[in-house]
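Colleague: Could you walk me through this model before I go back to the bench? I would like to start with how you use your words.

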Amino acid sequence: MKRIIQLITLCIAVSLLIGFYYKNSGDVVTGDRIIGLSVLATAFVLMPVFIYHRYKNKNLKDFQLFKSQDSEKDVENQ
C-alpha cells in the first residue's frame, strides 16, 4: 500500500510539472486543465487512499475530543 501511495504521489507531481510546463510554454488552456485534473486526483484519489492506509487498524474512539457518557460509565465500573 505504501508503494501505491508513493506511485500515485509521483504521478500527480509529474502531471503538475507537465501542466506548469504547458502553461508557461503558451498553451494556457491545456496547462490549466492538466493542473486542475492533478488537483482533483489529489483530493479524490490520493487523500482517501492515504487516510484509509493510515487509519485502517486504529481505534477511532481514541481520537475523540469529548468522551461519550458510555465510556465514562465503563471507566467507573472498572
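Modeller: Let me begin with exposure: a residue is called buried under 20% relative accessible area, exposed over 50% and partly exposed in between, with a 1.4 Å probe and protein chains only. By that rule Cys 11 is partly exposed, because its relative accessible area is 47%.

Colleague: Before I lean on that, what kind of model is this?

Modeller: This is a predicted model, in which local features need pLDDT of at least 70 and side-chain atom pairs count only at pLDDT 80 or more, while totals for chains, interfaces and linings use all residues. Residues are numbered from 1 along each chain as its sequence is written, and side-chain values use heavy atoms, with hydrogens and water left out.

Colleague: How many helices and strands are there in the protein chain?

Modeller: The protein chain has 3 helices and 0 strands, where helices (H or I, at least four residues) and strands (E, at least two) are DSSP runs numbered from the N terminus. Read from the N terminus, the order of the elements is α-α-α.

Colleague: And how do helix 1 and helix 2 cross?

Modeller: Helix 1 covers residues 2-25 and helix 2 covers residues 28-55, and their axes come within 8 Å and cross at roughly 165°. Those axes are lines fitted to C-alpha atoms, for helices over the stretch in contact, and the angles run from 0 to 180 degrees between N-to-C directions. Helix 1 and helix 2 are therefore roughly antiparallel to each other, a label given to angles over 145 degrees, whereas angles under 35 count as roughly parallel, 65 to 115 as roughly perpendicular and the rest as oblique.

Colleague: What sorts of residues make up the contact of helix 1 with helix 2?

Modeller: The residues of that contact divide into 15 nonpolar, 8 polar and 3 charged. Here Ala, Val, Leu, Ile, Met, Phe, Trp, Tyr, Cys and Pro count as nonpolar, Asp, Glu, Lys and Arg as charged, and the others, Gly among them, as polar.

Colleague: Switching to single residues, is Ser 38 buried or exposed?

Modeller: Ser 38, which lies in helix 2, is buried, because its relative accessible area is 3%. Leaving aside neighbours within four places in sequence, Ser 38 is in contact (heavy atoms within 4.5 Å) with Ile 12, Ser 15 and Leu 16.

Colleague: Where does Cys 11 sit relative to Ser 38?

Modeller: Cys 11 is placed in helix 1, and although Cys 11 and Ser 38 are 27 residues apart along the chain, their C-alpha atoms are separated by 8.9 Å.

Colleague: What about Ala 41, which residues does it touch?

Modeller: Ala 41, also found in helix 2, touches Ile 12 and Leu 46, not counting residues up to four places away in sequence. Ala 41 counts as partly exposed, because its relative accessibility is 25%.

Colleague: And Val 28?

Modeller: Val 28 is in helix 2 as well and is partly exposed, with a relative accessible area of 40%. With residues up to four places away in sequence not counted, Val 28 touches Tyr 22 and Lys 23.
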